[in-house]
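Q: I'd like a close look at one part here, the site around ligand 1. Could you walk me through it, and then through whatever else is worth a look?

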Amino acid sequence: MVKKIREIARKLLEEGKVDVVLGYEKGTEPLSERPFVARTVEEVERLTYSPFAIQNLATYLPRFNNNKVAILARGCTTRAINVLISEGQIERDKIYVIGIPCNGVIKTRELRESIGEEIEDVSIQNGEIVIKTTTEEKKVKFEDWLNISCKYCEYPNPLFYDVLVGEEVKPRGGGYPDVEDYEKLDEDKRWEIFEAEMSKCVRCYACRQSCPMCYCEHCFVDSTEPRWVEPGFDKTDLESWHLIRVLHMAGRCVDCGTCELVCPEGVKLLFLTRKVARDLKRDFDYVSGLNPEKPPFFGEFRYDDKGDFIL
Amino acid sequence: MNPYAPELYRIKKTVFESDDFTLKSFLLEPIDGNMMDFIPGQFCEISVFGKGEAPFGIASAPHEKEGLLFTVNRVGLVTGALHEMEEGHIVGIRGPLGNGYPVDEFKGKNVVIIGGGFAFTTLRSLTLYLLENRKDYGKITVIYGARRPGLLLYKEDLANWEKRGDIELHLTVDTEFPEWDKHVGFVPQVLEKVAPSPENAYAVVCGPPVMIKFTLPVLAKLGFEKDKVYTSLERRMKCGIGKCGRCNIGPYYVCKDGPVFSLAQLEKLPKEY
Amino acid sequence: MKRVPLSELERIYEALKSYGSVWVRKKNAYETAETPEELLSTVSKVKKPAKFIFLPEEEPLLAFVQDGKNVTFQEVIREAKGVIFGIPPCEAKAISLLDLNFLQGEGEDIYYKKRRENVLLFGLACLAPDSRCFCTTFGYGPFTESFTDIFGVVVDDVLLFEGITEKGKDLVKNLDVEDAKGEELKKLEAMKKEITERVKKLDIQGIQEKLARMMDSEIWDKISSSCLGCGACTYYCPTCYCFDIQDVERPNWGYRLRTWDSCMFTLYTLEGSGHNPRPELKYRWRNRLMHKFNYYPVLYQEFGCVGCGRCIEVCPVNIDIREILMEVKNEPIRA
Ligand SMILES: Cc1cc2nc3c(=O)[nH]c(=O)nc-3n(C[C@H](O)[C@H](O)[C@H](O)COP(=O)(O)OP(=O)(O)OC[C@H]3O[C@@H](n4cnc5c(N)ncnc54)[C@H](O)[C@@H]3O)c2cc1C
Ligand code: SF4
Ligand code: SF4
Ligand code: SF4
Ligand code: SF4
Ligand code: SF4
Ligand code: FES
């Protein structure tokens, strides 16, 4: 697969069809497959791909608006591209999509932190992640460390592409059992979980910055007039920050999981975004990012929304 | 001493400076009666409690003991709240902050003061300071422009200066206006026409970025050396004392090492302003 | 050097406790210990550095009350007193770098100072440098005692330690502990050599002079191309200190709050007119690197990085400052 990706990328750059290739390369951290922008034929040799590539690359597209770009795209990446097109942020004909059928990505940060020892080597073999540390070899099940969105993903294959790398995969599907489990809890328990998660937030905004759909130049959380969220770490402010963000994402969030996977504090965010996605699907039969022509669900975000319905 | 604790000042007088009500001046007196001492070109952080702090150049001169004068352009949270305030309201003041104009270095020299728009605030302070210590300085030339007559600040002072024989004042507006009998044209053009001599002289320039951009080449053409031209920079600020990090240009902090820099100094720094 | 067996740490715990809070290493942050056993933390690198104690992510500076046109306010200063037990040399050095910003010059930051001057650093040699550590690059290492008040090393099941500063020596003087044994000191020397050599040192000779000439280099585009512009690298960095000050308003009262800020945020430099002196990520990355490797040396003759590797770990896209330093080093300078 990596060989094929490099071949395609090289050809595109050589023929001048694109200026840059947005892909991944092996990072310096264990379990890290990080975004990489290849601009030259030599740099193509650095491109790789694996289920540790957590960042949705569509996040980078708006900043390359003046270039012709090739992008490695899984199902959720193409959905994000659709939303960006429908909101007028990018143009389809400037983008060359290298489609990648996806078996899901791994919660790399959580897994890395759970090991607690220096990791020397990692490989994936027969549905297991084999982690060699300084003292031992640990094996964990691939399925156990899947990003929750991937675990129940209905669109693992790119919705559209200019070229496809590899065979299409069968969707795992399965709806939103995680959301239903959460809803089964009583209100106090739900609130307790919510508060515990939000209180970990350090307001580094890695979630917002990594999200392909959070491209607003002036985010509501930074606005001083009016001020939706106060500065500091009062729990109501941390909570409103995330609640309003989730609402603002309603109908745009493509359930890629990037926001939660990158959070340095491991704040769980997908139980909120997925709840909204489930409600939209159940109540309005709406799934974001399936159609570049369809206007986003909420044409406009209303700041006076209270968001009581989420919890 | 707590450098973040403001002194309380009471608004003694307010006046709209411009006919479009975007520029409002505030005369502030300390509630404990202790007026601060400062150098023209320095600034203060003004607190509107509940809204925050923002930096403003001091527009009064050190010898004007009736109060500190600030002129505020309404753009956002703090400036908007200030505009809503009237006589008697209490604000906080931290300062004086920054370095100010090198008035000692100017001693015995001619000084050319060039201002545009509402950036004339600290230039008012400087001009009045030079006039107060008139015998220490050579020829004083002031060139000051605005888009239209109604946007010129401190009209009373300008009228006084016009009457005096020891200061040369050139006022200009961008285009012709009825009853306007002074210069017409942009500041750089007027500067070229007035053509002050660089001999034994310093120039001080403050104004919107475009004005500065076109004024500097004219000064160079007139023969002003880069270390004889000063300007005052603006950057977003918070602490005002070189601690919070945000106003740096290279290793210098505009709040602490500036806001006044010579062109010779700026030339060595990254163009981050 | 003094010695106390790890099984008898309560002998020093009480003395530390009498000084104030005792912070110990927990996985996510330094936390106050309730029992002597907690001194025996096995965490080698705490995720949130000890700077949280001196420069918390939020702190009120003053509180005010409004009454019509009148306002009164009061300073609010959160003090701290105690000992940080087990702080590694990199973090202790980082605090010495924060001191340069907060305690030097005319405007001492009394909020920082009130905590700093009453908190002792009981350092411990770092016995398990990880793959991200590059502290030795900066002329010190996992056994450097000079930035602490008291410095110790765990050798087998004994803690060896000594007072470094006057305050530290005073505290040690009053403890009921024996002198270290000869063979223990010998073992310490051997460990020091072996562990220090394990840290991968970077060759950054001449980096400051090089950077000073690279303001307009194209390298900044490349370096920042995958950066997301979040605050993670700077928030977790033990030497980053940038902060914001904003007011929080309640009906008729409020408080002035200091929170962390980051030069990686767009808003950090955005001005009222919409003008931004650092409009793109490449300028922000340039500032971050320049601040640590060019401006800090200009101002204080010290690099503003201690090589702890936290930024490498927390960065969502694994941008690695070591690679960037090497890229800078290898970048040809165009005339
Ligand atoms: C040394 C110095 C002297 C100044 N002198 C004057 C003066 O005499 N008169 C005057 O009207 N203005 C002056 N300014 C500009 C003034 O400080 C800003 O307009 C003010 O801070 C905006 O505050 P705000 O709360 O109203 O805006 P906010 O609501 O905080 O923000 C509105 C917009 O202003 C931007 N902003 C915030 N703080 C600053 C800042 N310090 N500088 C520039 N933009 C900022 C924000 O990014 C935002 O886009 C000076 C600035 C400096 C640095
Ligand atoms: S990434 Fe995590 S810590 Fe950072 S703002 Fe988002 S939720 Fe908070
Ligand atoms: S909110 Fe999270 S899951 Fe949804 S699109 Fe953004 S990064 Fe992906
Ligand atoms: S390695 Fe990174 S986190 Fe550590 S001191 Fe240097 S810049 Fe800061
Ligand atoms: S690197 Fe940036 S955030 Fe860190 S101290 Fe320097 S200017 Fe501040
Ligand atoms: S943590 Fe990484 S992505 Fe975020 S600002 Fe720093 S370098 Fe950029
Ligand atoms: S305003 Fe804080 S450093 Fe200049």
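A: Here's the ligand 1 site, followed by a tour of some other spots. Quick ground rules: this is a predicted model, where local features need pLDDT of at least 70, side-chain atom pairs count only at pLDDT 80 or more, and totals for chains, interfaces and linings use all residues. Residues are numbered from 1 along each chain as its sequence is written, chains are lettered from A and ligands numbered from 1 in the order in which they are written, and side-chain values use heavy atoms, with hydrogens and water left out.

Ligand 1 has 23 residues around it, the closest being Pro55(B), Leu77(B), Thr79(B), Arg236(B) and Leu270(C). A residue makes that list if one of its heavy atoms lies within 4 Å of the molecule. Chains A, B and C all put residues around ligand 1, so the site is shared between chains.

Which parts of chain B each supply at least two residues of this shell? They're strand E4 (52-57), strand E5 (68-73) and helix H1 (77-83), and E4(B) gives the most, with four residues. Those labels are DSSP runs numbered from the N terminus: helices are H or I with at least four residues, strands are E with at least two.

By class, the ligand 1 shell holds 11 nonpolar, eight polar and four charged residues. Here Ala, Val, Leu, Ile, Met, Phe, Trp, Tyr, Cys and Pro count as nonpolar, Asp, Glu, Lys and Arg as charged, and the others, Gly among them, as polar.

Now the polar contacts, meaning pairs of N or O atoms within 3.5 Å. A nitrogen of ligand 1 lies 3.0 Å from a polar backbone atom of Gly57(B). An oxygen of the ligand sits 2.6 Å from a polar backbone atom of Leu77(B), and an oxygen is also 2.6 Å from a side-chain N or O atom of Arg236(B). On its own, ligand 1 has 850 Å² of accessible area, and the protein covers 88% of that (Shrake-Rupley method, 1.4 Å probe).

On to two other ligands. Ligand 3 has 13 residues around it, with Cys211(A), Cys253(A), Cys256(A), Gly257(A) and Cys259(A) the closest. Helices H9 (258-262) and H10 (270-284) of chain A each supply at least two residues of that shell, which splits into eight nonpolar, three polar and two charged. The shell of ligand 6 comes out as 11 nonpolar, one polar and no charged; its members include Cys227(C), Cys230(C), Cys233(C) and Cys315(C).

Over in chain A, helix H6 (residues 187-198) packs against helix H8 (residues 235-248) at about 95°, with the axes 9 Å apart. The axes are lines fitted to C-alpha atoms over the stretch in contact, and angles run from 0 to 180 degrees between N-to-C directions. H6(A) and H8(A) are therefore roughly perpendicular, a label for angles of 65 to 115 degrees. Trp191(A), Phe194(A), Glu195(A) and Met198(A) of H6(A) meet Lys235(A), Leu238(A), Glu239(A), His242(A) and Leu243(A) of H8(A), contact being heavy atoms within 4.5 Å.

Last, some backbone oddities. Gly95(B) and Pro96(B) are joined by a cis peptide bond with omega about 0°, and Pro96(B) is in strand E6 (residues 90-97) of chain B. The Gly258(B) to Pro259(B) bond is cis too, with omega near 5°. Leu31(A) isn't a glycine, yet its phi is positive at about 60°.

Definitions and conventions
A polar contact is a pair of N or O atoms within 3.5 Å; within protein, one must be able to donate a hydrogen and the other to accept it, and residues adjacent in sequence count only if both atoms are side-chain atoms. Angles under 35 degrees count as roughly parallel, over 145 as roughly antiparallel, 65 to 115 as roughly perpendicular and the rest as oblique.
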